[in-house]
Structure formats: C-alpha cells, structure tokens
Amino acid sequence: MISKGGKWLLFLYVAFLALLFLMCSTDLIIREPEREIYQIAVIIEDVRSDNYSNFRKGMDQAAMEFNVDVHLITLYEKSDVEQQMELMEREQQDGADALIVVPADEEQVAEKPMVVPVIFIQPGFMEKTGAGDIVIDYEQMGRRIANEMLGNMPTDASVWMLIDAAKQNGMDRRFLKGASDVFADAGCRTRVIERDEAAGFSLSAEANGRNEKVMLLAENAEILSEVSDMLSDNPAADGRFCGLYGRGNTVPILNDLDRGRISGICVTDDFSIGYLSVCLAVQTLEGKDNIPIMADFYYIEKENLREPEYEKLLFPIE
C-alpha cells in the first residue's frame with residue numbers, strides 16, 4: 001500500500017512526464033529552426049520557353065533542394081530591353097528577394113539600379129557585374145563551330161551566316177563574331193543573309209545563278225529550326241546546301257540532328273546553368289560572396305548524339 005507522500009510523488013512524476021511530452025510536441029523546448037523561403041524571379045529574354053526547358057529543370061531541382069520559390073518570366077517580344085527592365089523593377093517592388101536575369105542588352109540591363117541582388121547569365125564579361133554571374137563565352141562557341149565547319153567543308157564552298165537583324169541580341173552577335181573571325185583568318189568566302197520579317201529566308205532565290213556549294217550557319221535556335229524545316233520541304237536544295245550548323249538544344253533541333261537535317265550544333269549545359277543560378281542567388285541572400293562561373297559548351301554531331309555523356313546533358317532527369 002502506497003503512503004500518502006508516495007502518492008504525491010507518483011502524481012508529480014506523472015504530471016512532469018505529461019508536461020514534458022506537451023512541451024516537446026508543441027516545440028516549446030525543441031523548436032525546429034524556421035527556414036526562410038526566398039522568392040526568386042527569373043527574367044529571360046526569349047519568348048520561346050522550349051529554349052529554356054532544361055534550364056527550368058535545373059532551377060526546379062535547386063528550388064526543391066534549397067526550399068525557395070522560383071518563378072520564370074519571359075518577355076513578350078524577344079530582346080525588348082525596356083520591357084525587361086520594367087519587369088525587373090516590378091518584381092523588385094512585388095517582393096522578390098533576388099533576380100536571375102538573362103540580359104536582352106548587357107550594358108543597359110547591368111546599369112539598372114536595383115536594391116535586391118541580381119544574378120546575371122551573360123554572353124560575356126560585362127563591365128558591371130551582378131551579385132553573381134554565370135558567363136557563357138558565345139564568341140568562343142562561334143569559333144569552335146566555325147572550325148568544325150571548315151574541317152567538313154567541300155573545296156571552294158562558301159558560308160552563309162543567317163541572321164535576324166531585328167531581333168539580334170548580345171548572344172547572337174558574339175556567336176557570329178567568333179565564327180566570322182575564324183572564317184576570315186581561313187580566307188573563307190562568307191555572306192550574311194538577313195531574315196525578311198514577312199517572307200523569312202529565301203535561300204533558293206539567293207542561290208539562283210550561283211554555281212557553288214554553300215554551308216549554312218544559323219545565329220540562334222529559332223533560325224536553325226526554321227531553316228531546317230524549310231530545307232526538309234525542298235529536297236532540290238540538298239545539292240547546293242551541304243551543311244547546316246548552329247546553336248541550341250531544343251527537342252526539334254535534336255530530332256533534326258538525329259535525322260541528319262542538321263550537321264552540327266553547339267550546346268550549353270542548361271540544366272547546370274539553371275541549377276547554379278539559383279545556388280548563386282541563395283548564397284548571395286545568405287551573405288556569401290560569389291565569383292563568376294564559366295559555363296561549358298559542347299559541339300555535337302549525329303554520330304555522338306546518343307553517347308551517354310551527351311544524353312545526360314541534353315535529356316536530364318530531375
């Protein structure tokens with residue numbers, strides 16, 4: 001039989017255990033640290049979101065790992081720098097903690113005064129950098145693909161560089177500059193063919209009366225896809241145009257490379273670029289210093305498209 005004092009001790013012991021359980025279960029003693037959910041806005045210069053599918057996958061992976069909220073915003077018109085700067089200002093005012101920006105115009109966008117950190121994904125080193133930068137050397141990319149073209153070029157062939165002057169951005173210009181320098185050094189004949197806003201490219205008309213082989217270089221993914229489709233619908237052009245090259249890794253471009261319609265492409269590791277851009281934004285918000293990251297690029301032909309290294313690069317699994 002328990003004494004009266006023993007009953008009180010047992011009651012106090014049970015009460016203590018109950019209190020301890022309640023305190024633990026309601027975080028009164030062991031409180032999980034609250035992790036801030038950062039709001040990160042990504043503003044890209046391209047209206048075609050399929051150009052950024054792998055980039056988006058990389059961002060989503062980083063957002064999940066770092067517990068951040070990332071939302072992607074595209075311009076209504078490609079290379080509309082004024083609209084991009086307006087969107088940067090709007091997102092800042094709407095509470096974004098950091099911005100990730102693919103500049104429509106490097107100089108103007110870099111000069112935009114901002115209170116929140118800005119991570120730039122840029123086509124070359126800018127005089128004014130952001131809180132963190134991922135640099136893609138498009139000029140070197142152009143040099144690489146031009147050298148590959150020269151290695152595959154028939155005797156006495158020329159190169160036509162296909163551009164859209166109305167929508168050209170810094171990436172396009174740097175890419176073409178690198179290629180043009182290589183062709184000039186090699187003494188290769190080149191022409192610049194501009195896209196007509198209404199009619200597109202009239203390559204067959206341009207080739208009429210010219211007894212020469214032509215290799216084509218598209219300055220961006222949109223032109224590369226457009227010309228590939230156009231040539232596939234005009235088999236008679238195959239005898240004159242002996243190679244189509246460019247940059248970009250959209251699904252249509254990869255399919256056309258696999259079919260042999262496109263001869264070679266340069267691509268970036270867009271998944272890693274998207275992932276690292278979010279990492280840089282989070283590190284900046286946590287007070288860490290960042291140094292510019294140089295992004296890799298790769299030259300791919302049909303023969304090596306299915307190699308495991310490139311399959312992982314072009315078709316990443318989140």
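**Exercise 1. The chain as a whole**

How much area does the chain expose, and what share of it do carbon and sulfur atoms supply? Add the overall counts for the chain.

*Solution.* Keep in mind that we're working with a predicted model.
- Step 1: the exposed area comes to about 16400 Å², with 51% of it supplied by carbon and sulfur atoms.
- Step 2: the chain has 318 residues, and 46% of them count as buried.
- Step 3: count the secondary structure, and you get eleven helices and twelve strands.
- Step 4: take the contacts with a separation of 6 or more; 71% of them join residues 24 or more positions apart.

**Exercise 2. The parallel sheet**

Work out the strand order of the open sheet with parallel pairing, and find its edges.

*Solution.*
- Step 1: reading across, the six strands run β2-β1-β3-β4-β5-β11.
- Step 2: β2 (69-74) and β11 (293-294) pair on one side only, so these are the edge strands.
- Step 3: zoom in on the β11 end. Two bridges link β11 to β5 (residues 132-135), in the parallel sense. Here Val 135 sits opposite Met 294 of β11.
- Step 4: now put a helix on it. α2 (residues 53-66) lies across β1 (39-44), β2 and β4 (118-122), and its direction makes about 160 degrees with β2.

**Exercise 3. Two helices crossing**

Describe how α2 meets α10, and sort the contact residues by character.

*Solution.*
- Step 1: get the geometry. The axes of α2 and α10 (residues 270-285) come within 6 Å and cross at roughly 40 degrees, with a right-handed crossing.
- Step 2: list who takes part. On the α2 side they include Phe 55, Met 59, Ala 62 and Phe 66; α10 brings, among others, Phe 271, Ile 273, Tyr 275 and Val 278.
- Step 3: sort the contact residues, and you end up with eleven nonpolar, five polar and three charged.

**Exercise 4. The mixed sheet**

Do the same for the open sheet with mixed pairing, then place α8 on it.

*Solution.*
- Step 1: the order of these six strands is β7-β6-β8-β9-β10-β12.
- Step 2: β7 (190-194) and β12 (297-300) are the edges, each pairing on one side only.
- Step 3: from one strand to the next, the twist averages 20 degrees.
- Step 4: β12 pairs with β10 (residues 264-268) over four bridges, in the antiparallel sense. In this pair Ile 265 is opposite Ile 300 of β12.
- Step 5: α8 (residues 221-232) packs on the sheet and touches β6 (158-163), β8 (214-218), β9 (241-247) and β10. Against β9, the direction of α8 makes about 155 degrees.

**Exercise 5. Two residues, two surroundings**

Is Gln 84 buried or exposed? And Asp 156, buried or exposed?

*Solution.*
- Step 1: find Gln 84 in helix α3 (residues 81-93).
- Step 2: check the cut-off. Gln 84 has 0% relative accessibility, which is under 20%, so it counts as buried.
- Step 3: look at what surrounds it. Skipping neighbours within four places in sequence, Gln 84 contacts Ile 43, Ile 44, Glu 45, Leu 75, Val 101, Val 102, Pro 103, Ala 104 and Val 109.
- Step 4: move to Asp 156, in the loop between α5 (138-152) and β6. Its relative accessible area is 60%, which is over 50%, so Asp 156 is exposed.
- Step 5: finish with a distance. Asp 156 and Cys 188 lie 32 residues apart in sequence, and their C-alpha atoms are 8.6 Å apart.

Conventions:
Residues are numbered from 1 along each chain as its sequence is written. This is a predicted model: local features need pLDDT of at least 70, side-chain atom pairs count only at pLDDT 80 or more; totals for chains, interfaces and linings use all residues. Side-chain values use heavy atoms; hydrogens and water are left out. Contact means heavy atoms within 4.5 Å. Axes are lines fitted to C-alpha atoms, for helices over the stretch in contact, and angles run from 0 to 180 degrees between N-to-C directions. A crossing is left-handed if the near helix is turned anticlockwise from the far one by less than a right angle, and right-handed if clockwise. Ala, Val, Leu, Ile, Met, Phe, Trp, Tyr, Cys and Pro count as nonpolar, Asp, Glu, Lys and Arg as charged, and the others, Gly among them, as polar. Buried means under 20% relative accessible area, exposed over 50%, partly exposed in between (1.4 Å probe, protein chains only). Accessible areas come from the Shrake-Rupley method with a 1.4 Å probe; for residues, only the protein chains shown count as cover.
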